[in-house]
Amino acid sequence: MNAKIWLSSPHMCGKEKEFVEDAFTTNWIAPLGPNVDGFENDLETYLGEGMHVAALSSGTAAIHLALILLGVQNGDEVICQSMTFSGSANPIVYQGATPVFVDSEKETWNMSPSFLEEAIKDRIKKGKKPKAIIPVHLYGMPCKMHEILSIANEYEIPVIEDAAEALGSMYFGKKTGTFGTISILSFNGNKIITTSGGGAIVSNNKTYIERAKFLSTQARDPAPHYEHSHIGYNYRMSNVCAGIGRGQMTVLEDRVKKKRAIFKNYQAALNNISGISFQNEPENFYSNRWLTTILIDSAKTPHTINNEHIRLVLEKSNIESRPLWKPMHLQPVFKDAAFYGDRTSDKLFEQGLCLPSGSNLTEEAIETVKSKISLAFTLESFSNL
């Protein structure tokens with residue numbers, strides 16, 4: 001069996017070890033410490049725009065706290081992009097609120113502004129004005145934030161910008177993660193930079209971030225004993241994990257360049273195969289290309305090859321690939337949730353595939369992936385594989 005080619009595995013640069021060793025040397029192993037402060041400062045400097053940051057245990061925790069800060073509670077409704085990871089939607093339910101899902105538009109695959117406005121109007125008509133909107137920058141491609149924010153402002157609904165997959169991306173020259181009333185980041189093991197597991201909540205409203213830090217450390221009131229007047233959460237990032245993040249921040253720009261180069265490499269090799277298409281980058285959009293994704297239109301391929309055929313071809317060669325996110329409105333757990341759209345995200349899920357895109361991929365590994373995909377399209381039928 002050939003060595004495993006992963007979809008997107010953690011990629012250490014070496015500098016992480018210095019910060020982690022410092023945590024051990026100084027015995028700052030418990031949550032919080034100099035690395036947490038340093039990592040938050042690194043992120044604030046990188047993002048600019050007067051952003052404040054609290055480092056947390058996950059991006060999901062960041063969305064949960066964002067909902068709490070915006071006053072979302074039992075019986076409320078929150079609009080969420082349907083095509084996303086469940087971590088974008090689950091915290092809505094944590095709060096006893098109800099998700100309302102909005103479809104994608106074809107250009108960026110992200111929240112459709114037109115269906116967003118349709119959803120808002122209809123929910124207001126039904127007596128339920130949404131308490132928040134959660135757009136998601138899928139695979140590093142920015143949402144159409146100008147349109148989304150214009151609609152959100154018109155109806156006075158705050159935006160939680162889910163930039164979990166998009167650190168290093170930009171929209172009209174401004175970094176993703178700086179558009180929302182509150183924004184969130186993720187540093188899970190497969191993200192463009194990682195802290196092993198972790199996330200961050202971001203806002204230019206300092207009060208929100210100070211409140212997030214309070215709530216994420218079990219909401220302990222100032223007192224010599226443990227005093228609690230609010231329900232809190234154990235959501236803070238550890239000093240050790242933050243040390244990994246500090247090392248990773250030193251190579252973020254390099255990681256973005258490598259991811260974009262991987263995308264261009266795949267595109268140059270596979271774009272001419274009948275049935276395969278790539279997501280284009282609109283003008284003034286800059287994607288970190290966290291994962292390279294393709295669409296496979298079986299009606300245009302020889303022998304009606306589809307994304308599952310290609311996934312299995314790669315799997316047989318010990319190569320990890322994965323379908324695009326299955327939309328939330330198709331998930332059994334959300335089968336009764338309201339949905340507004342034309343099923344664009346359904347089609348993306350049916351046709352899409354994520355290719356190995358780790359910044360630590362060797363040229364040999366990328367060539368192997370390309371050759372296996374190309375070979376699949378030359379065989380007379382999938383049964384011959």
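In this predicted model, helix α10, spanning residues 307-316, and helix α12, spanning residues 363-376, have axes that come within 10 Å and cross at roughly 130°. Angles over 145 degrees count as roughly antiparallel and those from 65 to 115 as roughly perpendicular, with the remainder counted as oblique, and α10 and α12 are therefore oblique to each other. The crossing in which α10 passes α12 is right-handed. On the α10 side the residues involved are I310, V313 and L314, and these meet V369, K372, I373 and A376 of α12. The residues of this contact of α10 with α12 comprise six nonpolar, no polar and one charged.

A second helix pair joins α1 (residues 16-25) with α8 (residues 239-249), whose axes come within 7 Å and cross at roughly 155°. Since an angle over 145 degrees counts as roughly antiparallel, α1 and α8 are therefore roughly antiparallel to each other. Here too the handedness can be stated: α1 passes α8 in a right-handed crossing. From α1 the contact draws on E16, F19, V20 and A23, while α8 contributes N239, V240, G243, I244, R246, G247 and Q248. Sorted by character, the residues of the contact of α1 with α8 are five nonpolar, four polar and two charged.

Turning from helices to strands, an open sheet is formed by three strands in the order β7-β6-β11, with antiparallel pairing. Its edge strands are β7, at residues 174-175, and β11, at residues 285-286, each of which pairs on one side only. Strand β6, at residues 170-171, pairs with β11 in the antiparallel sense over two bridges, and the bridge partner of M170 in β11 is Y286.

Key: Residues numbered from 1 in each chain as written. Predicted model: local features only at pLDDT ≥ 70, side-chain atom pairs only at ≥ 80, totals over all residues. Heavy atoms only, no water. Pairing = 2+ DSSP bridges. Helix = DSSP H or I, 4+ residues; strand = E, 2+ residues; numbered from the N terminus. Axes fitted to C-alpha atoms, helices over the stretch in contact; angles between N-to-C directions. Parallel < 35°, antiparallel > 145°, perpendicular 65-115°, else oblique. Left-handed = near helix turned anticlockwise from the far one by under 90°. Contact = heavy atoms within 4.5 Å. Nonpolar A, V, L, I, M, F, W, Y, C, P; charged D, E, K, R; others polar.
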